[in-house]
Amino acid sequence: MSENLIKTTDVTVDYGKKRALKETSLYFNEGTVTALIGPSGCGKSTFLRCINLMNREIPGCVIGGSILYHGDEINNSTYNTFQLRRHVGMVFQQPNPFRKSIYENIAFALRRHGMSNKDELDQRVQESLEAAAIWDEVKDKLNKSAYALSGGQQQRLCIARTLALHPDVVLMDEPCSALDPIATFAIEDTIRDMSSKGICVVIVTHNMEQAARVSDRCAFFLLGEMVEFGPTSELFNTPKDKRLEDYLTGRFG
Ligand code: ADP
């Protein structure tokens, strides 16, 4: 039986009395990149935050429907978010390294998850920084503050921190919007690398060129509704829904 890594069925999100996300059913598989696209305020980040249960931390936020991770229901009050987030990592719009050294940014999370052997930590720190394509730039200054890095390097450090825990899903919320084009391309290369290693990547982006460059599938959101989902080339070249066609041709958004 082929099982989706993540499968959502009729997921809704209410912030108090306001429904921000209507019934959304999507699936995500290993080794694929899925872009969530659509104009600002249409529910993309809200949906993304359902996948690692981050919305739970927002007072008054209620998530309805089913979210299966490896076939297990996670949208219930008993699911352990600490364990979930070890496997379902998240990278945010603004790089958010800890106020610690480059080395400690990665080792800290590993220790919290029980790794204490120095050689193992050293090895995992290096492997993660290599996977995020930043090792060569930082290997001689691992004890320097992460805050001394450029914005693009900080974002790659945050990706390395996520990869250190060997996640099978990485959620990215506009990860390049604060970065220049060169730093953006470096992150996009890393995204393709992650998917070639089997990681399931779900990325929110308002940049249509980026969605076309990095994603295998796209889901188009509008006014809290997931309007169309499918292979990126199909959505871009032969959109089925008139609203998506209008968005792609720049009639709104
Ligand atoms: P997008 O990611 O597509 O820009 P969001 O998911 O951020 O859209 O927002 C969808 C809607 O939900 C917007 O109307 C936004 O104002 C609302 N919203 C998002 N986060 C919150 C929150 N924490 N509390 C209340 N409303 C929110």
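A residue is called buried when its relative accessible area is under 20%, exposed when over 50%, and partly exposed in between (1.4 Å probe, protein chains only). By this yardstick helix α1, residues 44-51, is mostly covered, with seven of its eight residues buried. The model is a predicted one, in which local features need pLDDT of at least 70 and side-chain atom pairs count only at pLDDT 80 or more, while totals for chains, interfaces and linings use all residues. Residues are numbered from 1 along each chain as its sequence is written, and side-chain values use heavy atoms, with hydrogens and water left out.

To begin with the whole chain, its secondary structure comes to 10 helices and 10 strands. Helices (H or I, at least four residues) and strands (E, at least two) are DSSP runs, numbered from the N terminus. The C-alpha atoms fill a box of roughly 55 × 40 × 40 Å along the principal axes. A compact globule of 253 residues would have a radius of gyration near 18 Å, and the chain has 18 Å, which agrees. That radius is taken over C-alpha atoms, and the globule rule is 2.2 Å times the number of residues to the power 0.38. Buried residues make up 53% of the 253 residues. Contact here means heavy atoms within 4.5 Å. Among the contacts with a separation of 6 or more, 65% join residues 24 or more positions apart.

Helix α1 can now be filled in: K44, T46, F47, L48, R49, C50 and I51 are its buried residues. Just after this helix, L53 takes a positive phi of about 60°.

Helix α3 (residues 102-112) offers a second example, with I102, Y103, N105, I106, A107, A109 and L110 buried. These buried residues pack against α4 (118-131), α5 (135-138) and α6. The axes of α3 and α4 come within 10 Å and cross at roughly 120°. Axes are lines fitted to C-alpha atoms, for helices over the stretch in contact, and angles run from 0 to 180 degrees between N-to-C directions. Angles under 35 degrees count as roughly parallel, over 145 as roughly antiparallel, 65 to 115 as roughly perpendicular and the rest as oblique. Helices α3 and α4 are therefore oblique to each other. Their crossing is right-handed; a crossing has this name if the near helix is turned clockwise from the far one by less than a right angle, and is left-handed if anticlockwise. On the α3 side the contact is made by Y103, I106, A107, L110 and R111, and on the α4 side by K118, L121, D122, R124, V125, S128 and L129. By class, this contact has seven nonpolar, one polar and four charged residues. For these classes, Ala, Val, Leu, Ile, Met, Phe, Trp, Tyr, Cys and Pro count as nonpolar, Asp, Glu, Lys and Arg as charged, and the others, Gly among them, as polar.

Within α3, Y103 deserves a look of its own. Y103 counts as buried because its relative accessibility is 11%. Leaving out residues up to four places away in sequence, Y103 touches R111, K118, L121, D122, V125, L142 and N143. Y103 and A146 are 43 residues apart in sequence, yet 8.5 Å apart in space, C-alpha to C-alpha. After α3 comes G114, with a positive phi near 100°.

The next pair is α6 (residues 151-163) and α7 (residues 181-196), which pack at an angle of about 15° with their axes 9 Å apart. These two helices are therefore roughly parallel to each other, and their crossing is right-handed. Here G152, Q155, R156, I159 and L163 of α6 meet A183, A186, I187, T190 and M194 of α7. The contact has six nonpolar, three polar and one charged residues.

A132, in the loop between α4 and α5, is in contact with R156, I159, A160, L163 and T190, leaving aside neighbours within four places in sequence. A132 counts as buried because its relative accessibility is 0%. The C-alpha atoms of A132 and T190 are separated by 6.0 Å, although the two residues are 58 residues apart along the chain.

Finally, some backbone angles stand out. Most residues other than glycine have a negative phi. D10, in strand β1 (residues 6-15), has a positive phi of about 50°, and its relative accessible area of 41% makes D10 partly exposed. H70, in the loop between β4 (61-69) and β5 (72-73), has a positive phi near 50° and, at 37% relative accessibility, counts as partly exposed.
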